[in-house]
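Please open the structure in your viewer and get ready to select a few residues by number. We will go from stop to stop together.

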Amino acid sequence: MNEHVIDLTTISAVVFDSDGVVTDTARGHAAAWKHVFDAFLRGRSAPFDIHDDYVRYVDGRPRLDGIRTFLAARGLTVPEGAPDDDPGTPTVHGLGVAKDRIFKAQVDKYGVAAFPSTVVLLHELRRRGARTAAVSASMHGRKLVGSAGVMHLFDLVLDGNDAALLNLPGQPDPALFLDAAGRLGLPAAKVAVVDAALPGIEAGKKGGFGLVVAVAREGGGSAELRARGADVVLSDLGELTVRGRILPPTS
């Protein structure tokens, strides 16, 4: 069996997409989307598939882009509406507000956990002197990383608020990943990207990153992740070994 390695002689930093890689929030996002879309789709189309539809059309995208992409795939359109639309209003913003409220209620009730294997990897990367960043298309990305108790393991955290402030396009455009690399003072070729979503893997490839690692936790979709640009596909980050650079001892 091939060993999967991050070699710190060629890679100086690792950028993690937080949802589904650092924080165990992807299932909560998917469940919230299903609740909202199924209510909207009733009488219009088949129910939202919590795995295939979520992975293909919603996962890794900014909230409103995910709505537009999924509805387009079903041949449906709704007005854009406005940010103050009531939750569930049949507009892009209304559906987005409904999803956001459901997801936030889940987080408030159940909290947020970090994946243990990711935490171990982060500690090892930092012990060896690599820089680390977390990014998320979610407006709640920074809050979720903090709630999971792992903020201290990152040099930089960016989320959907930063992307909106900078008017960055969503994935599969690599803009947010490239912004993170730039803030770390590194070219993309010296940075590894770790993501669990198809648009994120495609963004890593388009951005020219030195290593693109895909996490397929349920073991499915490996072929498509590789087709989108993954150099390595893992079921868990515990399968990844770090080699190379070590911080000098402190005096």
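What follows is a short tour of this predicted model, with something to select at each stop.

**Stop 1: helix α1**

Begin by selecting residues 26–41, which make up helix α1. This helix has 16 residues, and the distance from its first C-alpha to its last is 22 Å, close to the 22 Å expected at 1.5 Å a residue. Which residues of α1 are buried? They are Gly-28, His-29, Ala-30, Ala-32, Trp-33, Val-36, Phe-37, Asp-38, Phe-40 and Leu-41. Now add α2, α3 (63–73) and α4 (92–110) to the view, since the buried residues of α1 pack against them. After α1 comes Gly-43, which has a positive phi near 85°.

**Stop 2: the loop before α1**

Step back to Thr-25, in the loop between β2 (13–17) and α1. Is Thr-25 buried or exposed? Its relative accessible area is 4%, so Thr-25 counts as buried. Show its side chain together with that of Asp-19, and you will find a polar contact of 2.6 Å joining the two. Setting aside residues up to four places away in sequence, Thr-25 touches Asp-19, Gly-20, Phe-103, Val-112 and Leu-144.

**Stop 3: charged pairs**

Side chains of opposite charge can pair when their charged atoms come close. Across the whole structure, a search finds 18 salt bridges. Here are some to select.

- Arg-27 and Asp-24: their closest N and O atoms are 2.4 Å apart. Arg-27 is exposed, with a relative accessible area of 59%, while Asp-24 is partly exposed at 30%.
- Arg-74 and Asp-53: the closest N and O atoms of this salt bridge are 2.8 Å apart. Because Arg-74 lies in the loop between α3 and α4 and Asp-53 in helix α2, the pair ties together parts that are 21 residues apart in sequence. Asp-53 is buried, with a relative accessible area of 9%, whereas Arg-74 is partly exposed at 23%.
- Arg-126 and Asp-155: here the closest N and O atoms are 3.2 Å apart. Arg-126 sits in helix α5 (residues 116–127) and Asp-155 in the loop between α6 (141–147) and β4 (156–158), so this pair ties together parts that are 29 residues apart in sequence. Both are partly exposed, Arg-126 at 26% and Asp-155 at 36%.

Then select Arg-56, Glu-202, Lys-206, Glu-224 and Arg-228 as a group: a network of salt bridges links them.

**Stop 4: helix α9**

Two members of that network, Glu-202 and Lys-206, have numbers that fall within helix α9 (residues 198–206). In α9, the buried residues are Leu-198, Pro-199, Gly-200, Ile-201, Ala-203 and Gly-204. What covers the buried residues of α9? The cover includes α2 (52–58), α8, β5 (191–195), β6 (211–215) and α10 (222–228). Following α9 you will meet Gly-208, where phi is positive, near 70°.

**Stop 5: the loop between α7 and α8**

Next, find the loop between α7 (160–165) and α8 (175–183), where Pro-172 is located. The peptide bond joining Gln-171 and Pro-172 is cis, with omega about 15°. In this loop you can also select Asn-167. Asn-167 is not a glycine, yet its phi is positive, about 55°. With a relative accessible area of 67%, Asn-167 is exposed.

**Stop 6: the nonpolar cores**

Finish inside the model. The largest nonpolar core has 34 residues, and Phe-16, Leu-125, Phe-154 and Leu-237 touch the most other members. Which elements give two or more residues to this core? They are β2, α4, α5, α6, β5, β6, β7 (232–234) and β8 (240–243).

Center the view on Leu-125 and show what is around it. Apart from neighbours within four places in sequence, Leu-125 is in contact with Ile-6, Leu-8, Val-14, Phe-16, Ala-130, Thr-132 and Val-242. For a last selection, try Leu-176, Val-212, Leu-225 and Val-233, which are among the 26 residues of a second, separate core.

Methods
Residues are numbered from 1 along each chain as its sequence is written. This is a predicted model: local features need pLDDT of at least 70, side-chain atom pairs count only at pLDDT 80 or more; totals for chains, interfaces and linings use all residues. Side-chain values use heavy atoms; hydrogens and water are left out. Helices (H or I, at least four residues) and strands (E, at least two) are DSSP runs, numbered from the N terminus. Buried means under 20% relative accessible area, exposed over 50%, partly exposed in between (1.4 Å probe, protein chains only). Contact means heavy atoms within 4.5 Å. The expected span of a helix is 1.5 Å times one less than its number of residues. A polar contact is a pair of N or O atoms within 3.5 Å; within protein, one must be able to donate a hydrogen and the other to accept it, and residues adjacent in sequence count only if both atoms are side-chain atoms. A salt bridge is a side-chain nitrogen of Lys or Arg within 4 Å of a carboxyl oxygen of Asp or Glu. A nonpolar core is a set of buried Ala, Val, Leu, Ile, Met, Phe, Trp, Tyr and Cys residues joined through side-chain atoms within 4.5 Å.
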